[in-house]
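Let's take a look at one helix pair and then at the empty space inside this protein. Have the structure open and follow along.

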Amino acid sequence: MPARPQEQPRTETLLEMGWLLAALLVPLGVDLWGQQPFELPKAVALRSLAWLLTGVWLADCLIRWRSPWRELRGNPLLWPALALAGVHVAATAFAADRGLSLWGSYERAQGALTLVSYVLLFLVVSARLRTLDQARRLLAALVFTAVPVTALGLAQAVGWDPAGLVSNARSPLYTTLGRSNFTGAYLALLLPLTVALAVTTTRRWLKLAGGALLLAGLAVIALTLARGAWLAAITALGTLALLWFWPKLSRRARLATLVAGPVGLAGGLGLTLWLGRQGGSEAARLTIWRATLELVSRRPWLGYGPDALGIVFPRVYPPQLVYYQGRGLVVDRAHNLFLDWAVTAGLLGLLAWFVLFAAFFHIGWRAAQATVDPKRRLLLAACLAAVAGNAAGNLVSFDVTATAAATWLLLALLPSLRRGEDRLQGDDPLLTPALPSRARPGWLPPLAAGLLLGGVAWAVLQLNVRPLAADVAARTAARRSEAGDLPGAIDALEQATRLWPAEPVYHQQLSWAYLQQAFVQDPLPWLERAEAELLAALERRPGDHRIWAALGELYGLWGNHWEPARLPLAHDAYRRATALAPNHAMLYTAWGMVYLEGSDLAAAAARFRQAVALDATDGHAFTHLGDAELARGHVEAALAAYQQAVHWQPESVPAYLGLAASHWRLGRRDAAAAALRRASQIDPNHPTIQALRAEMDRQP
């Protein structure tokens, strides 16, 4: 009687459920109650699942007394992946801000913990994914995520947002990824996988569903208007076609293809930049690239640390960049694959990344050409094409958690897909040789496994769940503040700082809430609390010019309204802020306001002139410059400033009022009356309009 096939071990089933859950949750996971609804929950899900899967895998190896290295030794990408993880650790140890590079920024959450978690996920999947059926299930899970993303994208394209998520994206088509360009990039990565699964399935309805999903994905990619996603989609589908038809091409056709491929990619990159010339994105990217190269030249080997560009880019911020992308925007990515790696992990990180991906493409290409199974060859080609397309798109963009996690899962599929066909016949354990192990009775291995799993669970709770709960508290505070419940907002923000004190943003927000409370109650205790929170934020992020500017604003209000002895501290804080970000015009405007409210008119005018020299389109700064010059009695200079202000801010009532006052003092009554009428048209109820009109009537 033939032997009955055994069922898959429970640990193997649990591990497979874990990585399938990662494939589904990372791109689709959002936090409807959080202040950061997109990247933070995705990074938390990725880290938690990667750590839990690693814990279960190592615990299983302990119980069975099996070496995990023996499971990984056949992985050709093992040492390149470990080298890349080692570079991340070293770059964090020597980072410009170790805390930032360890945890990641509040907006991106791509610190060393997240980056190393990608490698852990890769190790577990490549160690225990050993059959073709498992590979197909993982690819199917990835492709399935395109269904809700595409459906939500089409709904948002016609103006319906059923999820009700909060996003600061300019485009309404942001789905569960947060922005239209991220949505397009993720769907572009899935295109070759969709084609491969649709072609290799034997069920007609799945073929039709795959075709429909492919067309819908292409439609959403087109609607995103994200040129990087277009480049990724064309590269991915072109690479898939090349790999599939390569064996059928003649030698001359192959040579022509090898020449045309890089030329076409370069042309696509140039076209992408050319298409962005009208909106200023081409000039912005080129300007950012040049500034980033300067940063790389200062610290070439290990860079500034993961996720650190946002804190170091202000040091080299080019003043002209404000004209291309607007003021107040933070540059935390270079929008170029090679520059992003070089500036955060240095040339060593770029080299480690290049070796890993070169090995992946070289081994995958050879395996695809060597296999005789057309279905397996198409799956291999799809994995290679997806990674190639994503890399091409990142020449003008960057990875987010969803695209990075999908890329590492595809890297992990290579060892299983390249194995001999005798290892890829199905999920029958009898057809999959068991990994070598030896029994070791006793209580020590189970105890060690239990302690390991307990430690992993504690780490997930403390390092992943608490940050997510803190962000929910921060969102609660924002809602209470919008409703006018300032004490309730303070309570929620205090809870956020208790849950996750490592995040400076929560300390800044709590400081601002304390400052607002100082204007409605006894100010001194609240001002001291606001100061303590900003100092706590600076302790965690000493190189952030925004925190120094917030401290300068606090001391400025404190000194001008209550204690003049605080004013020198305000000026010291702004000096630190402008030293960290010397070309940020808004810092000089805020600094000038401290001088203006303190009646130091000459110093105020000097700061405002620095601001408009850096940003000649800032009507707000020109208005305050006019106020300072008018108060000094420099009426002509004030008039020139106000004229610039109304040019750049034609709806600014204070600018028109200053313009009217300047014309009046120069004896130009008609021009003064015209400016006053314009101010009345914009805001008829503005209190200063009536006062100025009365003053003009008293002095005919």
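What follows covers a helix contact, a pocket and the cavities.

## A helix pair

Keep in mind that this is a predicted model. Start with helix α1, residues 10–28, and helix α18, residues 401–417: their axes sit 8 Å apart and meet at an angle of about 160 degrees. Angles over 145 degrees count as roughly antiparallel, so that is what α1 is relative to α18. The crossing of α1 past α18 is left-handed.

Which residues in α1 and α18 meet? On the α1 side there are A23, V26 and P27, and on the α18 side T401, A402, A405 and L409. By class, that contact between α1 and α18 comes out as six nonpolar residues, one polar and no charged.

## The second largest pocket

Next up is the second largest pocket, which holds about 1100 Å³ of space. It has 32 lining residues, and T235, T239, G261, L265 and A388 are the ones closest to its centre. Two or more lining residues come from each of α11 (227–245), α12 (251–275), α16 (337–370) and α17 (374–393).

Which helix gives the largest share of this lining? That would be α12, with 10 residues. As for chemistry, the lining of the second largest pocket splits into 23 nonpolar, eight polar and one charged residue.

## The largest cavity

Now for the enclosed spaces: the structure has five cavities of 30 Å³ or more. The largest cavity takes up about 520 Å³. Among its 24 lining residues, Q110, L115, W341, D399 and A404 are closest to the centre.

Helices α4 (78–93), α6 (112–128), α16, α17 and α18 each put at least two residues into the lining of the largest cavity. The top contributor is α16, with six. Sorted by class, this lining has 13 nonpolar, seven polar and four charged residues.

So α18 turns up in two places: it packs with α1, and it also helps line the largest cavity. Likewise, α16 gives residues to the second largest pocket and to the largest cavity.

## The second largest cavity

The second largest cavity comes in at about 180 Å³. Its lining counts 15 residues, and those closest to the centre are L40, W103, P467, W500 and E503. At least two lining residues each come from α2 (39–63), α5 (98–103) and α19 (444–482). Broken down by class, the lining of the second largest cavity has nine nonpolar, three polar and three charged residues.

Conventions: Residues are numbered from 1 along each chain as its sequence is written. This is a predicted model: local features need pLDDT of at least 70, side-chain atom pairs count only at pLDDT 80 or more; totals for chains, interfaces and linings use all residues. Side-chain values use heavy atoms; hydrogens and water are left out. Axes are lines fitted to C-alpha atoms, for helices over the stretch in contact, and angles run from 0 to 180 degrees between N-to-C directions. Helices (H or I, at least four residues) and strands (E, at least two) are DSSP runs, numbered from the N terminus. Angles under 35 degrees count as roughly parallel, over 145 as roughly antiparallel, 65 to 115 as roughly perpendicular and the rest as oblique. A crossing is left-handed if the near helix is turned anticlockwise from the far one by less than a right angle, and right-handed if clockwise. Contact means heavy atoms within 4.5 Å. Ala, Val, Leu, Ile, Met, Phe, Trp, Tyr, Cys and Pro count as nonpolar, Asp, Glu, Lys and Arg as charged, and the others, Gly among them, as polar. On a 1 Å grid over the protein atoms alone, a cavity is a set of points where a 1.4 Å probe fits but cannot get out, and a pocket is an open set with protein on both sides within 12 Å along at least five of seven lines; lining residues have an atom within 4 Å of a point. Grid points are joined across faces, edges and corners, and a volume is the space filled by probe spheres set on the points.
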